[in-house]
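Here are two short exercises to work through with the model open beside you. Take them one step at a time.

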Amino acid sequence: HRIAGPVFRLKREIDALKNGSLKLNFTIRKHDHLQDLASSLQDMADKFYQNQMALKTNYAALVHILRKEGKALSQTEKDEIEEILEDIETHINYFKM
């Protein structure tokens, strides 16, 4: 049970990740085997979550700037857009494909 239980639990969380969920908890009981694996998987899931949140935040900032009605963009807004795009590119390129 100290191996089979954690394997089942970790597989369930991996399946949730595969289906797009980033609300993951790879924690297993303190005395179960596979603690290192569970910790590494949790770190990976946390990194996915952080990158996804940064992308969402940047997307919302861009939408806000670009949807200002009836107003041409100022140079400051153009610079802000460029900065946001660079940050988005950093987060997109974090994962190697």
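A salt bridge is a side-chain nitrogen of Lys or Arg within 4 Å of a carboxyl oxygen of Asp or Glu. The model is a predicted one, where local features need pLDDT of at least 70, side-chain atom pairs count only at pLDDT 80 or more, and totals for chains, interfaces and linings use all residues. Residues are numbered from 1 along each chain as its sequence is written, and side-chain values use heavy atoms, with hydrogens and water left out.

**Exercise 1.** Find the salt bridge between Asp32 and Arg29, then decide whether each partner is buried or exposed.

Solution.
- Step 1: Asp32 and Arg29 join through their side chains, with N and O 2.9 Å apart.
- Step 2: Recall the cut-offs: buried is under 20% relative accessible area, exposed is over 50%, and partly exposed lies in between (1.4 Å probe, protein chains only).
- Step 3: Asp32 has a relative accessible area of 9%, so Asp32 is buried.
- Step 4: Arg29 reaches 53%, so Arg29 is exposed.

**Exercise 2.** Treat the salt bridge of Glu77 with Lys68 in the same way.

Solution.
- Step 1: The side chains of Glu77 and Lys68 meet at 2.8 Å, N to O.
- Step 2: Glu77, at 8% relative accessible area, is buried.
- Step 3: Lys68, at 34%, is partly exposed.
- Step 4: Now look elsewhere: Lys11, Asp15 and Lys18 form one network through salt bridges that share partners.
- Step 5: To finish, check your tally: the structure holds five salt bridges.
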